[in-house]
Amino acid sequence: MDELTGAITMPFWKRKQKNKVRNFYKQQLKYEKNIKLLETPSYSRNNNWLNLVKVKSKKNIFSLIKKMKKNNIDIRPVWKPNHLQIPFKKYEQFKVISFEKNLKNVLCLPSSSSLKKNEVIRITNLLKKFLND
């Protein structure tokens, strides 16, 4: 199997683990007002490679990232779309109206297939604590 095929197809056991991690997050964030786990659109099937949350807070997202990093948790802002990145500015672009607004408050959570439930609980507890303090 070449690299590209390996990146596109995910073994069943790995997909199963990724689903477990997503369900752990779902369980932990189910009743949160300030953090919403983004759902898969009805027209697609998710391999749960990433878990994205939308943060509803006036607090600075970068201070949250910094605080999580101090606790050895790597969360990141969602990446900029290609048309906003300097090397790709001269290429074809599509106007995505809501993306710019969402770019500021969507984060990528740790999503490794090796994450355990207690690790997800730790991650979500720190997120909740920061956003609700």
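This talk describes the fold of one protein chain, beginning with its overall layout and ending with a few single residues.

Good morning, colleagues. Please bear in mind throughout that we are looking at a predicted model.

I begin with the chain as a whole. The protein chain contains 5 helices and 4 strands. Followed along the sequence, these elements appear in the pattern α-α-β-β-α-β-α-β-α. Of the 133 residues in the protein chain, 32% are buried. How much of the contact in the chain comes from residues 24 or more positions apart? If we count the contacts with a separation of 6 or more, such residues account for 71%.

Let me now turn to helix α5, which covers residues 117–132. Does the length of this helix fit its number of residues, or what span should we expect? With 16 residues at 1.5 Å a residue, α5 should span 22 Å, and its end C-alpha atoms are indeed 22 Å apart, so the two values agree.

Which residues of α5 are buried? They are Val120, Ile123, Thr124, Leu126, Leu127, Lys128, Phe130 and Leu131. The cover over these buried residues includes two helices, α2 (12–29) and α3, together with the strands β1 (35–37), β2 (51–55) and β4 (106–109).

I shall take the two helices in turn. Two packed helices are described by the angle between their axes and by the distance between the axes.

For α2 and α5, the angle is about 40° and the axes are 9 Å apart. That angle makes α2 oblique to α5. The crossing of α2 past α5 is right-handed. From α2, the residues that make the contact are Val21, Phe24, Tyr25, Gln27, Gln28 and Leu29. From α5, they are Lys117, Val120, Ile121, Ile123, Thr124 and Lys128. By character, the residues of this contact of α2 with α5 comprise 7 nonpolar, 3 polar and 2 charged.

Next comes helix α3, residues 61–70, which packs against α5 at an angle of about 140°, with the axes 11 Å apart. An angle between 115 and 145 degrees falls outside the parallel, antiparallel and perpendicular classes, and α3 and α5 are therefore oblique to each other. Here too the crossing is described as right-handed, with α3 passing α5. On the α3 side we find Ser63, Leu64, Lys67 and Met68, which meet Ile123, Leu126, Leu127 and Phe130 of α5. The residues of the contact of α3 with α5 are 6 nonpolar, 1 polar and 1 charged. Ile123 of α5 takes part in the contact with α2 and also in the contact with α3.

From the helices I move to strand β4, where Leu109 is found. Is Leu109 buried or exposed? Its relative accessible area is 4%, so Leu109 is buried. Apart from its neighbours within four places in sequence, Leu109 is in contact with Tyr25, Asn51, Val53, Ile75 and Leu127. We have already met Tyr25 in the contact of α2 with α5, and Leu127 among the buried residues of α5. Leu109 and Ile73 lie 36 residues apart along the chain, and their C-alpha atoms are separated by 8.9 Å.

A related case is Asp74, in the loop between α3 and β3. With a relative accessible area of 34%, Asp74 is partly exposed. Asp74 is 34 residues from Cys108 in sequence, while their C-alpha atoms are 8.9 Å apart in space. Once the neighbours within four places in sequence are set aside, Asp74 is in contact with Lys69 and Pro110.

Finally, I would draw your attention to two asparagines. Asn48 is not a glycine, yet its phi is positive, at about 55°. Asn48 sits in the loop between β1 and β2. With 5% relative accessibility, Asn48 counts as buried. Asn72 also has a positive phi, near 60°, and is likewise a residue other than glycine. Where is Asn72 placed? Asn72 is in the loop between α3 and β3 (76–77). Its relative accessible area is 73%, so Asn72 is exposed.

To close, I return to helix α5: its buried residues have cover that includes α2, α3 and the strands β1, β2 and β4. Thank you for your attention.

Terms used:
Residues numbered from 1 in each chain as written. Predicted model: local features only at pLDDT ≥ 70, side-chain atom pairs only at ≥ 80, totals over all residues. Heavy atoms only, no water. Axes fitted to C-alpha atoms, helices over the stretch in contact; angles between N-to-C directions. Parallel < 35°, antiparallel > 145°, perpendicular 65-115°, else oblique. Left-handed = near helix turned anticlockwise from the far one by under 90°. Contact = heavy atoms within 4.5 Å. Nonpolar A, V, L, I, M, F, W, Y, C, P; charged D, E, K, R; others polar. Expected span 1.5 Å × (residues − 1). Buried < 20%, exposed > 50% of the residue type's maximum accessible area, 1.4 Å probe, protein only.
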